[in-house]
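Trainee: Hi, I'm new to this one. Could you walk me through a few spots?
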Amino acid sequence: MEDVVSQEKLLEKYIKENKKESAVKLIFDLIAKHVRANHFAKAGALREKLFEVDSMALPEIVKSGEMIETAMIAAIDADHRQAWSQLYDKLTKEETVALYHSTKPASYETGQVIFRQGEMNSNLYFINSGKIKMFYHKDKHGIFLKSMGPGDIAGDDTFFTNSTCTTSIVAHSAVKLNYLGKTALQNWRTEAPNLANKLRDYCAQREPIKDLLQKKELERRAYRRYALSGNAVIRIMDRPGKKVFKGDLSDISASGISFVMNTSPKSAELLLGCRLNIKFTRPEGSSEMRIDQDGRIVGVHSQMFNEYLANVKWEEPLDSGVVKRIKLTAQPFQIY
């Protein structure tokens with residue numbers, strides 16, 4: 001570092017004394033040193049100075065540009081590049097460099113909020129590893145929309161507009177991602193003028209939030225629900241230790257089930273999107289019917305006294321024969 005500082009002082013001396021040839025050689029050497037250290041911003045600034053000192057030093061100008069670009073491409077994280085191969089395949093080398101080196105890495109632990117519905121967010125998130133879940137709050141109700149993983153983008157609904165977040169995103173496991181600040185759109189106007197439109201087009205291929213919400217509403221109304229009473233043993237399947245607890249059954253349909261649980265607001269929110277197993281028995285004449293099904297929590301609704309109603313969607317619909325047997329002893333609840 002001290003060597004670089006002394007060289008920079010020497011460069012100032014060469015420029016002051018108008019020793020162009022010596023200044024060009026020294027600038028080129030300094031660019032090479034900063035490139036090797038992955039100090040690309042500094043290397044780029046020195047290349048601009050090279051233009052200022054001697055705009056006719058074309059061999060050094062061209063070679064230094066190639067040197068910086070090659071090193072910046074090599075510095076792209078391999079896992080990130082693989083996760084986003086479909087996006088990078090659409091970009092030129094210059095655009096690839098501009099996009100990746102405009103982002104910053106970040107990590108989130110399970111349960112950490114990445115952004116929250118109703119708040120401002122000016123970042124676009126590129127998920128490299130781990131899982132996140134997207135959900136929507138309406139009044140006191142939380143509605144799970146979908147899980148997202150490597151190769152998925154989050155935050156695009158606010159990145160290209162000036163609006164608040166329409167959903168919340170929470171880490172469902174340890175997550176590593178890169179995020180892009182909105183100021184990059186301005187910076188790209190000269191260095192990569194087509195990049196913003198390419199990124200916007202790529203994001204536009206994703207299912208819009210309003211379509212996700214409409215789909216959830218249609219799913220909710222597809223099957224008739226039947227009132228149900230009793231207790232169920234519930235096991236969370238995608239959490240360390242596979243926590244087991246009891247829930248009070250509320251209603252059931254071919255596509256899902258609801259139960260009431262006692263928990264804290266934070267814990268209830270974290271359960272959105274979780275996979276679980278539900279077991280319970282139901283009297284059936286002189287015997288009993290046993291239900292053992294896997295599903296995912298798609299909604300959590302606040303009740304009174306820290307009670308929450310959880311809506312579960314079965315991974316596989318209940319057998320039609322089981323539904324018929326439930327109908328014989330249950331009362332219609334409402335359209336599901």
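Mentor: Happily! A polar contact here is a pair of N or O atoms within 3.5 Å; within protein, one must be able to donate a hydrogen and the other to accept it, and residues adjacent in sequence count only if both atoms are side-chain atoms. This is a predicted model, where local features need pLDDT of at least 70, side-chain atom pairs count only at pLDDT 80 or more, and totals for chains, interfaces and linings use all residues. Residues are numbered from 1 along each chain as its sequence is written, and side-chain values use heavy atoms, leaving out hydrogens and water.

Trainee: Which side chain does N178 join in a polar contact?
Mentor: The side chain of T103, at 3.0 Å.

Trainee: And is N178 buried or exposed?
Mentor: N178 is buried, with a relative accessible area of 6%. Buried means under 20%, exposed over 50% and partly exposed in between, using a 1.4 Å probe and protein chains only.

Trainee: Where is the place of N178?
Mentor: In strand 8, residues 175-181. Strands (E, at least two residues) and helices (H or I, at least four) are DSSP runs, numbered from the N terminus.

Trainee: New topic: what about A232, buried or exposed?
Mentor: A232 is buried too, with a relative accessible area of 2%. A232 lies in strand 10, residues 231-236.

Trainee: How many residues apart along the chain are A232 and F280?
Mentor: They are 48 residues apart, yet their C-alpha atoms are separated by 4.7 Å. Not counting residues up to four places away in sequence, A232 touches F280 and others, including F245 and I278; contact means heavy atoms within 4.5 Å.
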